[in-house]
Amino acid sequence: MDIDQQIQALIDNAPNDGRTPNAIEAIAPALKLIAAQLKHPQYYILQNLEQQWVMTTFNHPTQPELTKNVIQAFPTLKDAGSGPNLLKDPQIMAIPVPVVHILFQMMAMKTIDSIVFFEIAGNPRSTAEISRQNFHDLIQNYLQKMQTPPPPSDIA
């Protein structure tokens, strides 16, 4: 699925509450902007048997009290299975998730700081990190535009 198809799938599967599909359409440009900067249309996300995404906590090398909670997104199933921080746990599995859906889910995940996308198969150093706060701010800008009424067309 390309990015536009992924966004349409989000809209089609959104609750028909009169708000969510419109909100997705409003933030679609932000989703496209970020997704277009990433190399793959889907990534593999680690999840547990309860279908919760696996979060990894990293400590700062010189300030151990500083931590960062991330979700890791892998380009291939093989990379997900050999991730450097993956515990060999039989209750953890890797599932393919469209990139737009990953970004959309990130908005609801208040306990994570970012998602790290591994961009080149077999190369754990080639990453793109999307900060949840920066992404949230971008989304808020698009939502504010949706709520701001356009200026009257008869202004002279």
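Which element gives the most to the lining of the largest pocket? The answer is H5, with 6 residues, and the points below set that pocket beside the cores, the helices and the cavity of what is a predicted model.

1. Overall make-up. The protein has 5 helices and 6 strands, and when these are read along the sequence they follow the pattern α-α-β-β-β-α-β-α-β-β-α. Of the 156 residues in the protein, 38% are buried. Among the contacts with a separation of 6 or more, 66% are made by residues that stand 24 or more positions apart.

2. The largest nonpolar core. This core has 33 residues, and those with the most contacts inside it are Leu31, Ile102, Leu103, Ile115, Phe117 and Phe135. At least two residues of the core are supplied by each of helix H1 (3-13), helix H2 (20-37), strand S1 (42-48), strand S3 (67-74), helix H4 (99-106), strand S5 (114-120), strand S6 (123-131) and helix H5 (132-147). The largest share, 7 residues, comes from H2.

3. A second core. Separate from the largest core there is a second one of 7 residues, which includes Tyr44, Val70, Val116 and Phe118.

4. Ile115. Once its neighbours within four places in sequence are left aside, Ile115 is in contact with Ile71, Ala73, Ile102, Met106, Ala128, Glu129 and Ile130. Ile115 is also one of the residues with the most contacts inside the largest core.

5. Helix H4. Because 6 of the 8 residues of H4 are buried, this helix is largely enclosed by the rest of the structure. The buried residues in question are Val99, Val100, His101, Ile102, Leu103 and Met106.

6. Leu103. This residue lies in helix H4, and it counts as buried because its relative accessibility is 0%, where the cut-off for buried is under 20%. Not counting residues up to four places away in sequence, Leu103 touches Leu31, Ile34, Ala35, Phe117, Ile130 and Phe135. Leu103 and Arg132 are 29 residues apart in sequence, while their C-alpha atoms are 9.0 Å apart in space.

7. Phe104. This residue, too, has its place in helix H4, and, with residues up to four places away in sequence not counted, Phe104 touches Leu10, Ile24, Ile27 and Leu31. Phe104 and Ile7 are separated by 97 residues in sequence and by 9.5 Å in space, C-alpha to C-alpha.

8. Helix H1. The buried residues of H1 are Gln6, Ile7, Ala9, Leu10 and Ile11, and they pack against H2, strand S4 (92-98) and H4. At the N-terminal end of H1, Asp2 acts as the cap, with a side-chain oxygen that lies 3.1 Å from the backbone nitrogen of Asp4.

9. The largest pocket. About 430 Å³ of space lies in this pocket. Its lining is made by 18 residues, of which the closest to the centre are Ala23, Ile27, Phe104, Met107 and Leu143. H2, H4 and H5 are the elements that give two or more residues to the lining, and by class the lining divides into 9 nonpolar, 7 polar and 2 charged residues. Phe104, listed here among the residues closest to the centre of the pocket, is the residue of helix H4 described in point 7.

10. The cavity. Rolling a probe the size of a water molecule over the atoms shows where empty space is left. In this protein the count comes to 1 cavity of 30 Å³ or more, and about 40 Å³ of space lies in the largest cavity. The residues that line the largest cavity are Leu46, Val54, Thr56, Ile71, Gln72 and Phe74, and S3 provides the largest share of that lining, with 3 residues. By class, the lining has 4 nonpolar and 2 polar residues, and no charged ones.

11. Gln51. This residue is found in the loop between S1 and strand S2 (55-59). The phi angle of Gln51 is near 65°, which is a positive value in a residue other than glycine. Is Gln51 buried or exposed? Gln51 counts as exposed because its relative accessible area is 62%, where the cut-off for exposed is over 50%.

Methods: Residues are numbered from 1 along each chain as its sequence is written. This is a predicted model: local features need pLDDT of at least 70, side-chain atom pairs count only at pLDDT 80 or more; totals for chains, interfaces and linings use all residues. Side-chain values use heavy atoms; hydrogens and water are left out. A nonpolar core is a set of buried Ala, Val, Leu, Ile, Met, Phe, Trp, Tyr and Cys residues joined through side-chain atoms within 4.5 Å. Buried means under 20% relative accessible area, exposed over 50%, partly exposed in between (1.4 Å probe, protein chains only). Helices (H or I, at least four residues) and strands (E, at least two) are DSSP runs, numbered from the N terminus. Contact means heavy atoms within 4.5 Å. A polar contact is a pair of N or O atoms within 3.5 Å; within protein, one must be able to donate a hydrogen and the other to accept it, and residues adjacent in sequence count only if both atoms are side-chain atoms. On a 1 Å grid over the protein atoms alone, a cavity is a set of points where a 1.4 Å probe fits but cannot get out, and a pocket is an open set with protein on both sides within 12 Å along at least five of seven lines; lining residues have an atom within 4 Å of a point. Grid points are joined across faces, edges and corners, and a volume is the space filled by probe spheres set on the points. Ala, Val, Leu, Ile, Met, Phe, Trp, Tyr, Cys and Pro count as nonpolar, Asp, Glu, Lys and Arg as charged, and the others, Gly among them, as polar.
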